[in-house]
2 protein chains.
Amino acid sequence: MSKLSESKTGDQLLAEDLKDPEIAAELARTAVANQLAILVIQYRVEHGLTQTALARQLGMRQPAIARLEAGDHEPSVAMLARLANKLGISLRLDLTPDSVALVSA
Amino acid sequence: MSKLSESKTGDQLLAEDLKDPEIAAELARTAVANQLAILVIQYRVEHGLTQTALARQLGMRQPAIARLEAGDHEPSVAMLARLANKLGISLRLDLTPDSVALVSA
DNA sequence: CGTCATTATAACAGCTTTGGTATAGACATG
DNA sequence: CATGTCTATACCAAAGCTGTTATAATGACG
């Protein structure tokens, strides 16, 4: 059980939470994972692909795609690069002192 | 010994190499690591800090900074976020189908 | 030369991410 | 209901990143 989910539920979030570096780190981690999840799902449905088909295009198996779309883990830079390369898309990761955002570019 | 250093020395690099996905991955990995190394060194010297002082600012030890400046490992997104946060800087990671670039923003 | 500050390297542990297989759940369709 | 397709989850192994301590190398300065 994470520190965040212990104290808050759903999307509720107080500014006070950001003062705790542990919570801030957890948020950044899940934020990028979730943003990537959305991008992967978007790409897949827009191209009418199944998870298995997309997995083949990326050289991996279906459960790997399911995991990406679940937003379980913060992706590595290598994973982001691989997606951009194999899917022919451009992504941008914006890092500021108090936020991290992954967007399609 | 990496596949890249087996076949090539220094900065020499042929377009042909990029066709090998293993080499391409290795390049992307070292590219981001090296670009971050440069940014960290720049920040540190511009602020007149020693590795130990910078480490304290980031909540880590001197060898960790040395490793960042050596460009050994591809940084995690969490590490990039931490640098942006603790140093008060903005970074951008640009991912295109055939390149990955980390720049200060 | 001796000392101190600074940086680099080695060795190890711990956690996270990634990948796989196997399998369960959901859902449509015959 | 039976079957087939698609998605989700559990479990394990391999690899990579991060952090630590200890120590070596480097260089400036008395």
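Good morning. Between chain A and chain B, the count of salt bridges is zero. Please bear in mind that we are looking at a predicted model.

What, then, does the contact consist of? Chain A contributes 21 residues and chain B contributes 21 residues. The two chains bury about 1,700 Å² between them, and carbon and sulfur atoms give 65% of that area. On the side of chain A, the residues that lose the most area to chain B are Val77(A), Leu95(A) and Pro97(A), together 38% of what that side buries. Seven residue pairs are in polar contact between the chains. Helix H5 (77-87) and strand E1 (91-96) of chain A each supply at least two residues of the side that touches chain B. By class, that side has 13 nonpolar, five polar and three charged residues.

Let us return to Leu95(A). Its contacts include Val77(B), Leu80(B) and Ile89(B). Leu95(A) is also one of the four residues, with Leu93(A), Leu93(B) and Leu95(B), that touch the most other members of the largest nonpolar core, a set of 44 residues.

Where are the salt bridges? Over all chains, the whole structure has four. Among them, Asp94(A) pairs with Arg92(A), with the closest N and O atoms 3.1 Å apart. In chain B, Arg92(B) and Asp94(B) meet in a salt bridge, also at 3.1 Å, N to O. Arg92(B) counts as partly exposed, because its relative accessibility is 29%. By contrast, Glu69(B) and Arg44(B) are both buried, and their closest N and O atoms are 2.6 Å apart in a salt bridge. Glu69(B) lies in helix H4 and Arg44(B) in helix H2 of chain B, so this pair ties together parts 25 residues apart in sequence.

Thank you.

Methods: Residues numbered from 1 in each chain as written. Chains lettered and ligands numbered in written order. Predicted model: local features only at pLDDT ≥ 70, side-chain atom pairs only at ≥ 80, totals over all residues. Heavy atoms only, no water. Core = buried A, V, L, I, M, F, W, Y, C linked by side-chain atoms within 4.5 Å. Buried < 20%, exposed > 50% of the residue type's maximum accessible area, 1.4 Å probe, protein only. Contact = heavy atoms within 4.5 Å. Buried area = accessible area lost by both parts, 1.4 Å probe. Salt bridge = Lys/Arg side-chain N within 4 Å of Asp/Glu carboxyl O. Polar contact = N/O pair within 3.5 Å; in protein donor to acceptor, adjacent residues only side chain to side chain. Helix = DSSP H or I, 4+ residues; strand = E, 2+ residues; numbered from the N terminus. Nonpolar A, V, L, I, M, F, W, Y, C, P; charged D, E, K, R; others polar. Lists of a residue's contacts leave out its neighbours within four places in sequence.
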